[in-house]
Amino acid sequence: MGLIQESDIATEAQTAAGLWDAYAGLLSNQAMILAMNSSFVDPLLQYETQLKIVELSFKMAFAIPSLDKVKEIGKNEDDQEDLETSVDVPCLGALAAELSLLCCHADPSITQQASLGMYHLLCIAKCQNADTAKIKSTKYNKPGSHCFLPSPSDTEFLPKILQRDKSKIAQSVGQTLLPRLLTDFVWSLLMRLSAPDKTTASEAATIVKLTLEYYAHKVTMVSKIVDVIYKQLCGNVSPILKQVMLRVITLLTRTSPKKVIFQLMDYPVPADNTLILMWQAAGSESSAAPLVLKTILLILKEKPEATEERIMGRRYFSLDTTNMMSMAASQALCTLLTIHSYKKAVAQFFPQLLMALIFQLFYTSNLRLMTEDRTIYARDALRTLLNCSGLQQVDIALKRKNCWNQFSQPLFHPHGVYLVAKTLSDYNFPQFPDTLHYLYQLSVKGPRRSEDKVTTIIFLIELLNNFFKDPLPEEFLALLRNWVNDSDPAVSKLSLQKIASMAPVINEIENVCSLLISILDAFLSQDKTVVIRALMTLRTLLDKLDKVTYSSLCTRIACSYCPLMYHSNGGIRTMAIRHFGELVRDMSQYTEMLNDVVFGGLVPLILFLEDTEARVVKACKYTLEICTSEFKCSTSYLLKDEHYSFEQTVLNICNNLLISHQKYITDLISDTLGFLRSSRTYLRRGSVILIGYLAKLGGHLLHRDEIEVMLEAIGRVLWDEDPVIREFAEITNKIFTEIAHSVTSSNIKRSFRRLFNLIYIKKLKPLYNYDLPKDLTGSPMGIKET
């Protein structure tokens, strides 16, 4: 036992000494090379000496022990452990590539030596691969055995089967080498494809192809390999080598589709013939089709950009080559979608491809305005998608409608999206269920870009119009409610337009109140076109709404109209005022419920009678006639154009208010005060007149602090830039001064005066003499005064 231990110690010491000598020798050789680099030795002599040192160092590092010594090393566990914590040889893959070519040499002696060298190299590779070693060790029956080398019988014929058998070489190398070493193996052989020796190039091509048939999944640096193949294909290569290299692209796509696709997208647009051949090769692997299309869809989410350049003071736009992958993806689809093996995958991803290409059409149409690029790859890809999906008639119909030619114009895009959706619906495209489901998911999650939302909604609404009867299912109504108040005005208007189309079935909608309230919220939009569309939509729905639901919301709706009655936009003012009147007319049987709201809108209705826009004035007269009739005040005669007088109308209304609705006078004065600061002259002038009459009639209802506020407000108008307003302000100020003086009298007098005003009501006569008609004898007012 002691002798055995001494023997083991001696062996280990010998091995350690040998490793140390080798390591020291390598360091010495390296030092010599570095020293010669900085010496004044003749360059030719220096080169030859350094070459010899390098060759010597290589032999020291890659010295292959004898077969007997290798067998002896692997007999005990300690030696086996040393083999597993050994340093990886970085050049092993490249060396395997060279040996694989020599194994196919025409000279039998070279083949024999090369196959023996390949055998030893594979043995070293097995020892480096700890995982492979553990798997192999389980195959041996002897317990405790850790021998990784083949049995003696296998050793005799293993080198022989590596001679000129490319399939066995590829299988042995692919199975044994680690991924990074196998990558070096493949890479080295690819570099030999362009070798002047056609035989060598052909042998390298065959071995690469055979290796990747089964072990492409172990290869790294896929993008770099694809790039090398592209550059070689762009050169002058034989048809046989071209087919081999394209087959390599196919095999790499099978296991690493994402890496291959991204590399193929990185070349300039438009693609040249070589790149199209590579696309076809990538598409010939049907098993990778779903992953290829997923990768392309991922790229299509991006949008091409244009960069601005200034030359001699002028602006120029050019395509940003760093972000052209989406255009390359569109062009690639023109090739991939036509491949028969992709038919199943295309059917699976039809909705995603359809919408992604429509989005790209919008991006590129805007881009072409700046760059003057006339190529529309997304359009061509979309047409290809339709034709390869059995929708040839849809493509023909869209061509007949000149849709494809006009899609390049950004302003046409919304209508183009509508045409595509409409035409697909007209032909009952079988992909409808999947497309609708995808659009719904896209709408719920929200498209990646805000501009995509408009396209999505146009498409979805058109599908709903053609395949669903109103009212829509609740899940789609929920989308419409949310879109009404979207930050994008175009989205809001599309939703409101669709909601308006459901007016005939409005009473069948379960949550109709929430739908109407969402429209009221749109009145607050900063975009005037949204407000106008909301007003029109609401009025359309109210015309069909049942009275019970209508009455439950009438007060809230009326209150929402009031702020819009003095909106800065004349069109909105007109619609709000007219719709307010129509609501009061519709709810005439609920007068008591609406009294407060009607009087809340009375001030703008009166003041905007003086509006500079005729449509606003006409709407005011229409609504004012409806409202005043509700509190038994007839203004129809005074509001006719031939008899119209602003002051006379105000006087008539105020006299009637004093008779039947005194409690509202104070609130009306307060509402009118806000218009004294208006930038519009006619509003300041009208408010001074209206306040004067209201105060003259209801001054006894005012408190001292209210009068002080009103005196202060009128006092500012005394300095107005308009002389007519200053003149009228003097009259109104005098009225408030008189009221203030009466308030300072004793409480007994004040109480008596209030009681007197309640019992004895005296109608007023004109105070301002503003735009009074010359002849009042024919009017009801004139008859009374006479």
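A residue is called buried when its relative accessible area is under 20%, exposed when that value is over 50%, and partly exposed in between, with a 1.4 Å probe and protein chains only. The structure is a predicted model, in which local features need a pLDDT of at least 70 and side-chain atom pairs count only at pLDDT 80 or more, while totals for chains, interfaces and linings use all residues. Residues are numbered from 1 along each chain as its sequence is written, and side-chain values use heavy atoms, with hydrogens and water left out.

**Exercise 1. Decide whether Ser495 is buried or exposed, and state which residues Ser495 touches.**

Step 1. Ser495 is found in helix α27, which covers residues 489-501; helices (H or I, at least four residues) and strands (E, at least two) are DSSP runs, numbered from the N terminus.

Step 2. Because its relative accessible area is 0%, Ser495 counts as buried.

Step 3. Contact means heavy atoms within 4.5 Å, and when residues up to four places away in sequence are not counted, Ser495 touches Leu480, Trp483 and Val484.

**Exercise 2. Do the same for Thr274, and say how far apart Thr274 and Gly235 are in sequence and in space.**

Step 1. Thr274 lies in helix α15, and it is buried because its relative accessible area is 14%.

Step 2. Apart from residues up to four places away in sequence, Thr274 touches Tyr230, Leu233 and Cys234.

Step 3. Thr274 and Gly235 are 39 residues apart in sequence, and their C-alpha atoms are 9.8 Å apart in space.

**Exercise 3. Describe the protein as a whole, and then its largest nonpolar core.**

Step 1. The protein has 41 helices and 2 strands, and of its 786 residues 48% count as buried.

Step 2. The accessible surface comes to about 39,400 Å², of which 56% belongs to carbon and sulfur atoms; such areas come from the Shrake-Rupley method with a 1.4 Å probe, and for residues only the protein chains shown count as cover.

Step 3. Among contacts between residues at least 6 apart in sequence, 72% join residues at least 24 apart.

Step 4. A nonpolar core is a set of buried Ala, Val, Leu, Ile, Met, Phe, Trp, Tyr and Cys residues joined through side-chain atoms within 4.5 Å. The largest one here has 228 residues, and those with the most contacts inside it are Phe185, Phe459 and Phe580. Helix α19 (residues 350-371) gives the most to this core, with 11 residues.

Step 5. Leaving aside neighbours within four places in sequence, Phe580 is in contact with Ala558, Tyr561, Cys562, Met565, Val597, Val598, Leu605, Thr623 and Cys627.

**Exercise 4. Find how many cavities of 30 Å³ or more the structure has, and which residues line the largest cavity and the second largest cavity.**

Step 1. On a 1 Å grid over the protein atoms alone, a cavity is a set of points where a 1.4 Å probe fits but cannot get out, and lining residues have an atom within 4 Å of a point. A search of the whole structure finds 2 cavities of 30 Å³ or more.

Step 2. The largest cavity holds about 30 Å³ of space and is lined by Leu602, Val603, Ile606, Ile653, Cys654, Leu657, Leu668, Leu690 and Leu694. Helices α33 (602-607), α35 (646-660) and α37 (681-698) each supply at least two residues of this lining.

Step 3. The second largest cavity has a volume of about 30 Å³, and its lining consists of Pro268, Val269, Ala271, Leu275, Trp279, Ala328 and Gln331. Here α15 (273-283) and α17 (325-336) each supply at least two residues.

**Exercise 5. Locate Pro270, Pro471, Met221 and Asn402, and state the backbone feature at each place.**

Step 1. The peptide bond from Val269 to Pro270 is cis, with omega near 0°, and Pro270 lies in the loop between α14 (257-264) and α15.

Step 2. The peptide bond from Asp470 to Pro471 is also cis, with omega near 0°, and Pro471 has its place in the loop between α25 (450-467) and α26 (474-484).

Step 3. Met221 has a positive phi of about 55° although it is not a glycine; Met221 lies in the loop between α11 (198-215) and α12 (222-234) and is partly exposed, with a relative accessible area of 37%.

Step 4. Asn402 has a positive phi near 65°, lies in the loop between α21 (392-400) and α22 (403-406), and is partly exposed, with a relative accessible area of 32%.

Conventions
On a 1 Å grid over the protein atoms alone, a cavity is a set of points where a 1.4 Å probe fits but cannot get out, and a pocket is an open set with protein on both sides within 12 Å along at least five of seven lines; lining residues have an atom within 4 Å of a point. Grid points are joined across faces, edges and corners, and a volume is the space filled by probe spheres set on the points.
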